[in-house]
Each structure stands twice: as structure tokens, then as C-alpha cells.
Amino acid sequence: MTREAVIVGVADTPLQNGVLRDGGSVLQVQARAAKAALDEAGLSMAEVDGLLSAGTWGVPGPGSLMTITLGEYLGIRPRFTDSTNIGGAAFEAHLAHAALAIERGYCDVALICYGSTQRSESSRTLGGRAPTLTMQYESPFGMLMPIGGYAMAAMRHMHDYGTTGEQLAEVAVAARAWASLNPAATRREPISVDDVLASPMVSDPLHKLDACLVTDGGGAVVMTSAERARSLNSKPIYVRGFGESHTHWTIAQMPDLTLTTAADTGRRAMSMAGISHDDVDVAQIYASFTITVLLTLEALGFCPRGGAGEFVANGRLAPGGDFPINTNGGGLSCAHPGMYGLYLLVEAVRQLRGECGPRQVRDARIALVNGTGGTLSSTATCVLSRD
Amino acid sequence: MTNRPAPVIDDDSRPFWQGTARQQLRLPYCRACAAAFFYPRALCPRCHGDDLEWRNASGRGTVYSYTVSRRPAGPAFQAITPYVVALVDLEEGPRLLTNVLVDRPDQVHIGQSVTVVYQPLGDGETVLPLFQPEAAPER
């Protein structure tokens, strides 16, 4: 009989105004989130034999060998370890890797962790490093990182398809409307399309409100086999399909500025899961910037190429619309602790369990999660199911 | 005035930066593909062949996309903010990240023809390939 991988515990770290409510170092954050997720699953830290993490903390230094440092801190000696870092999409890739490991019997209980204290430490600095290797063709030209690359993708999308600033803004407005239903979200006051367009331009055509938040955060996901989950109290969520890919680090190497690898990873994940677009009840789609959502909806095939601007119009992504995404407010309004991919999984699981209160999508059976990392560099897609 | 971040030149990139220092835009060229590529690598990223040479480029290209940085990406860019960051498709095929030099950002558009200009970095060594609209007068 084939072993099936399931998610049995999730946790995220409480924030207040975007900083850790209870304080803590980046290692404490992850330990607390891990414990919370394991408690929810009814498993103990001693049972964890697979450890996965990615992040930007402690580099250079202890974060350079991330799961080693984290494993030491947590007191875990794993038999499956994975520090794959492909940016914000890393955690969707981790979910895939852990699912394969569990299915193959390479590990039994996998723990995926993330933590960031970038906001409280004011440490988000993607610039300032000497431009070595491939960065020597980028850093001397002053592109704002990472918004500049996304902005050029948005500019090209507008040029090719007539996409408007108003259509981009719709994504931010919908995210805020979802956040207003989520007490844990960082920014909850409603905004309008006009508010987005009136916010300061950062990198044309993207405004401040087209960009994700800068917050602290952390979280954890616990996985095991369906067989093992039968003796646990938590309701298992099945991992049905996944895919991962990447094309470039420097934006000039992106093959087509308006097409991400979600076209490949989405197709593979959905095919593995045996589902079609109509089967998806709720989607969690990485919103680093508003343009990321438009490009991803097209790449995943929910609308034709160039059609995402029209697709998202009139509140379609918002509460009450017929395509609910980022139901916690996402990276634009809930939290964005440097890398957001783990939060996508946490919210998808909560939707499938039916735990989301006023923001619950009715009878959500199948969730699609798509992470995007770097500068539209990587994507990873997962299909999750409640049965 | 602070200089822009200087490229850390390595064995892949040395011929390229030596070229710009002599006001030449040089590109690696794969003989098997009969095509140029950029940035320079040990293997052609298309066919993975290693029969490579350097050739001079025309210095002409087209704006594929651009953005206007409304904030400086570090102190070196303070004095020129707002400034245009662009992806330029060279006649020979490869795409470069660069700046398009204009008086006002609205003078740049996608599809615009641009030509290379060479701007010393200020470290007495490196020269950056920047671009300006083709019809523009000498700066």
C-alpha cells in the first residue's frame, strides 16, 4: 500500500503591528511555532525525524547551514534534512520534498520551520553587498531590490496587454478586504483603488500599496503519513500534487518577463493531483506585489495570458467574489516576513479544516498554493485536499 | 560623492569590463549556436557548448521594459533620483540590465531605440555601459 503524506499541524507566530507580539530571537520564534504546530498535531519534538527550513537569518554565520543550526537548537537529530532555499517559494518545495520523503518511508514526521525578525531588527537589507558573480551585471545600475524587477514585469504587462494601474490595485484592495476579516492581520483598515493609486510611487508602475508589508513572522508545518495520522486527533490535510522550478536570479535572464514558471509547476501539480481548475475551491497565491498575483493567475491557467487584469476586476478576488485567494490578507495585508511561503500553507490548511470563521470559504475541499521567490525567479505549486 | 557599487570582476567577466573600459561593448559568442549570449559564462547557456569567443556588439538596442526608481538604491543614486532602470535587448540578441539616460523619465518608452554610452564609475577603473535614446544629442 502506498504511503500518503498529510499535514497534521500548522502554526504561525502572533504579531502586533507587524512585530513579534511576544518578542524573541529568530530561533525562539521557530521553536515556539514548531512546538505549537506539534502540539496541534499531538506529536512531540522527539518524534520529528525530518527537518526543513529556509530563511535569510544568520548569513554569513549560523544560518549558512540552516537546518543544522536549527536542528541543534531544537535538539533534533533528523534522518531527512532540507535547507532548500529558492526564496519565498521554498516552503512549497519543502512540502513536496517532505511528502516524497514520507511516501518513501525516508522519514515519518517532518517539521518545516520559518522565522524572521526583520521588522523588529530593521534588518531587511538586500542591497549593500559587494556585487560579486552574477550581481556585477545588476547592482551597479541601481534597480530597487526586489521591487524593480517586478515593476519592469508590470510595465511590460501593461504594454503588451493594456493592463491598468486600477486593475493591479484591485489585488491590493481585495487583500485588504480579506485582512479586515482576520484579527491576526497586520493591516486591516479598508482601502480603495484610489488609495492604492494615490500612495507614493516606488518603482513605476508600482506604488507603495502595490507592495507587500515588511513584518516579522514565523511559522511551522508538521507532516506525517496518513497511516500515522489515524491515531492523532488533528484532521489530516492531504498533499495531492506538487511542482517546483526556477529560471533566473538576475532579472535580465528571465526568459519572458510576463510568464513565470507557475505555468510548469501548476500544470505538474494539478496533473499529479488529478484535478482541473474548476476543482479549486480556494487559492493561496504569493503576493509579494500586486503584479505577482496577475502573472501567477495567468501562468496557472485560471485566465488566458494577458487576461488577469480583467479577471480580477470588480472584486472577484475579494470576500464574496467567485475566486477567493489569500483569505488571510496575504503578503500585502496580513504579514510578509521576508519570505511568505510558509504562511500560504498555513492559511490553506486552516481553510480546508474549516477553521477560518468570518473569512471561511464555504465548503472548501481543495486548495491550490503557489509560492513565488526571488525576482519572479522560482515558483512551487502544491495541491492540498481535505479528503 | 559616493560611487555606484563596483562590479567585482572575475575570470568570466574580465573581457567584458576590459571592453567597456576601452569604450567597446563586447559579448560572448557561441560558435555552435552562432549566437551571442550574456552574461559571460564558461558554457553557452543555450547548447552548453564551450567553443566560445568574444565579439564586439553594435551598441544599439531596444528597450524591452523599464521602471523609474523613485527612491535611490543606495547613497550613490541619491543625486540622480528619479532615474530609469531598463532592460535593453541588444541587436545581437542578449538582454542587459542598464540605465537609460534622459532628462525626464517620461522620455523613455518600451520599444524605444537606444545606443550605448560609456560612463566611468569613478573608481578610476570600471566603465559602465549605459544607454541613451538614439536620436538624442551628444551628452
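**Interfaces and cavities in a two-chain model**

The contact between chain A and chain B takes 33 residues from chain A and 38 residues from chain B. The model is a predicted one. The size of an interface is often given as the accessible area lost when the parts come together. For chain A and chain B, the buried area is about 2,900 Å². Carbon and sulfur atoms give 61% of that area.

Polar links also cross this interface. Between chain A and chain B, 17 residue pairs are in polar contact, with both residues at pLDDT 80 or more. One salt bridge is found across the interface of the two chains. A:Asp204 and B:Arg70 form a salt bridge. Their closest N and O atoms are 2.7 Å apart.

A further interface lies inside chain A. The chain is divided into domain 1 and domain 2. Domain 1 covers residues 5-122 and 216-238. Domain 2 covers residues 143-213 and 242-385. Each domain is thus listed as two segments of the chain. The C-alpha centres of domain 1 and domain 2 of chain A are 23 Å apart.

Contact between these domains involves 43 residues of domain 1 and 33 residues of domain 2 of chain A. Together the two domains bury about 2,800 Å². Of this area, 67% is on carbon and sulfur atoms. Eleven residue pairs are in polar contact between domain 1 and domain 2 of chain A, both residues being at pLDDT 80 or more. Two salt bridges are counted between the domains. Within chain A, A:Arg353 forms a salt bridge with A:Glu40. The closest N and O atoms of A:Arg353 and A:Glu40 are 2.7 Å apart.

Enclosed space was examined next. A search of the whole structure finds three cavities of 30 Å³ or more. The largest cavity holds about 50 Å³ of space. Its lining draws on both chains. Chain A supplies A:Tyr137, A:Glu138, A:Thr250, A:Ala252 and A:Gln253. Chain B supplies B:Phe38, B:Tyr39, B:Leu96 and B:Leu97. Six lining residues of the largest cavity are nonpolar, two are polar and one is charged.

Methods
Residues are numbered from 1 along each chain as its sequence is written. Chains are lettered from A and ligands numbered from 1 in the order in which they are written. This is a predicted model: local features need pLDDT of at least 70, side-chain atom pairs count only at pLDDT 80 or more; totals for chains, interfaces and linings use all residues. Side-chain values use heavy atoms; hydrogens and water are left out. On a 1 Å grid over the protein atoms alone, a cavity is a set of points where a 1.4 Å probe fits but cannot get out, and a pocket is an open set with protein on both sides within 12 Å along at least five of seven lines; lining residues have an atom within 4 Å of a point. Grid points are joined across faces, edges and corners, and a volume is the space filled by probe spheres set on the points. Ala, Val, Leu, Ile, Met, Phe, Trp, Tyr, Cys and Pro count as nonpolar, Asp, Glu, Lys and Arg as charged, and the others, Gly among them, as polar. Domain bounds come from an automatic or database domain assignment. Contact means heavy atoms within 4.5 Å. Buried area is the accessible area (1.4 Å probe) that two parts lose on being put together, summed over both. A salt bridge is a side-chain nitrogen of Lys or Arg within 4 Å of a carboxyl oxygen of Asp or Glu. A polar contact is a pair of N or O atoms within 3.5 Å; within protein, one must be able to donate a hydrogen and the other to accept it, and residues adjacent in sequence count only if both atoms are side-chain atoms.
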